[in-house]
Amino acid sequence: MRVDDRLMGTAHSLHDLTVLLQSAGLTGWDELDVVESGLIEWHEGGPEVWEP
């Protein structure tokens, strides 16, 4: 996950991404907030697509 040009970490699930976003300052966010957000730019899929 990147915030602007800063690498924050790698997410392997929606939960991982939620935790990374919380550590980036979105402390009130849960997984539903992540799925519904227009702030997130998904590449090669969306919140339901994760590579094993």
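## A residue to start with

Does aspartate 4 count as buried or exposed? At 72% relative accessibility, aspartate 4 is exposed, because anything over 50% falls in that class. You will find this residue in the loop between S1 and strand S2 (6–7). Its backbone is worth a look too: aspartate 4 is not a glycine, yet its phi is positive, about 55°.

Please keep in mind while you browse that this is a predicted model.

## How confident the prediction is

The chain has a mean pLDDT of 90, and 100% of its residues reach 70 or more. Among the elements of the chain, helix H2 (residues 31–36) has the highest mean pLDDT, at 95. The lowest, 82, belongs to strand S1 (residues 2–3).

## Helix H1 and its buried side

Now to helix H1, which spans residues 14–23. Its buried residues are Leu14, Leu17, Thr18, Leu20 and Leu21. Around the helix axis they cover an arc of only 165°, so they sit on the same side of H1. What do these buried residues pack against? Their partner is H2.

Glutamine 22 also belongs to helix H1, but it is partly exposed, with a relative accessible area of 30%. Setting aside neighbours within four places in sequence, glutamine 22 is in contact with Thr27 and Trp29. After H1 comes glycine 25, which has a positive phi near 120°.

## Valine 34 in helix H2

On the H2 side, take a look at valine 34, a residue of that helix. How large is the relative accessible area of valine 34? The value is 0%, so valine 34 is buried.

Which residues are in contact with valine 34, if its neighbours within four places in sequence are left aside? The list holds Leu14, Leu17, Thr18, Leu21, Trp29, Ile40 and Trp42. Leu14, Leu17, Thr18 and Leu21 are also among the buried residues of H1. A further link to trace runs to proline 47: the two residues are 13 residues apart along the chain, and their C-alpha atoms are separated by 8.0 Å.

## The tryptophan pair

How many aromatic pairs does a search of the whole structure find? The search gives 1. The pair is made by tryptophan 42 and tryptophan 50, with ring centres 6.4 Å apart and an angle of 85° between the planes. The arrangement is edge-to-face, because planes over 60 degrees apart are classed that way. Both partners are partly exposed: tryptophan 42 has a relative accessible area of 26%, and tryptophan 50 has 31%.

Tryptophan 50 lies in the segment after H2. Beyond its neighbours within four places in sequence, tryptophan 50 is in contact with Ala11, His12, Ser13, Leu14, Leu17 and Trp42. For histidine 12, the C-alpha atom is 6.6 Å from that of tryptophan 50, although the two are 38 residues apart along the chain. Two of these contacts, Leu14 and Leu17, come up again in the contact list of valine 34.

## The largest pocket

If you like to look for open space, the largest pocket holds about 740 Å³. It is lined by 23 residues. Which of them are closest to its centre? They are Met1, Leu17, Ile40, Glu41 and Trp42.

Two elements to check in the lining are S1 and H1, each of which supplies at least two residues. Some of the names will be familiar by now: Leu17 is one of the buried residues of H1, and Trp42 is a member of the aromatic pair.

## Two glutamates after H2

The segment after H2 also contains glutamate 44. Its relative accessible area is 81%, so glutamate 44 is exposed. Like aspartate 4, which has a positive phi, glutamate 44 is a residue other than glycine with a positive value, here near 60°.

Glutamate 48 is found in the segment after H2 as well. With a relative accessible area of 63%, glutamate 48 is exposed. Measuring from C-alpha to C-alpha in the viewer, you can compare it with valine 3: the two lie 21 Å apart in space and 45 residues apart in sequence.

Notes: Residues are numbered from 1 along each chain as its sequence is written. This is a predicted model: local features need pLDDT of at least 70, side-chain atom pairs count only at pLDDT 80 or more; totals for chains, interfaces and linings use all residues. Side-chain values use heavy atoms; hydrogens and water are left out. Rings of Phe, Tyr and Trp (its six-membered ring) pair if their centres lie within 6.5 Å; planes under 30 degrees apart count as stacked, over 60 as edge-to-face and the rest as tilted. Buried means under 20% relative accessible area, exposed over 50%, partly exposed in between (1.4 Å probe, protein chains only). pLDDT is the predictor's confidence in each residue, from 0 to 100. Helices (H or I, at least four residues) and strands (E, at least two) are DSSP runs, numbered from the N terminus. The arc is that of the directions from the helix axis to the C-beta atoms. Contact means heavy atoms within 4.5 Å. On a 1 Å grid over the protein atoms alone, a cavity is a set of points where a 1.4 Å probe fits but cannot get out, and a pocket is an open set with protein on both sides within 12 Å along at least five of seven lines; lining residues have an atom within 4 Å of a point. Grid points are joined across faces, edges and corners, and a volume is the space filled by probe spheres set on the points.
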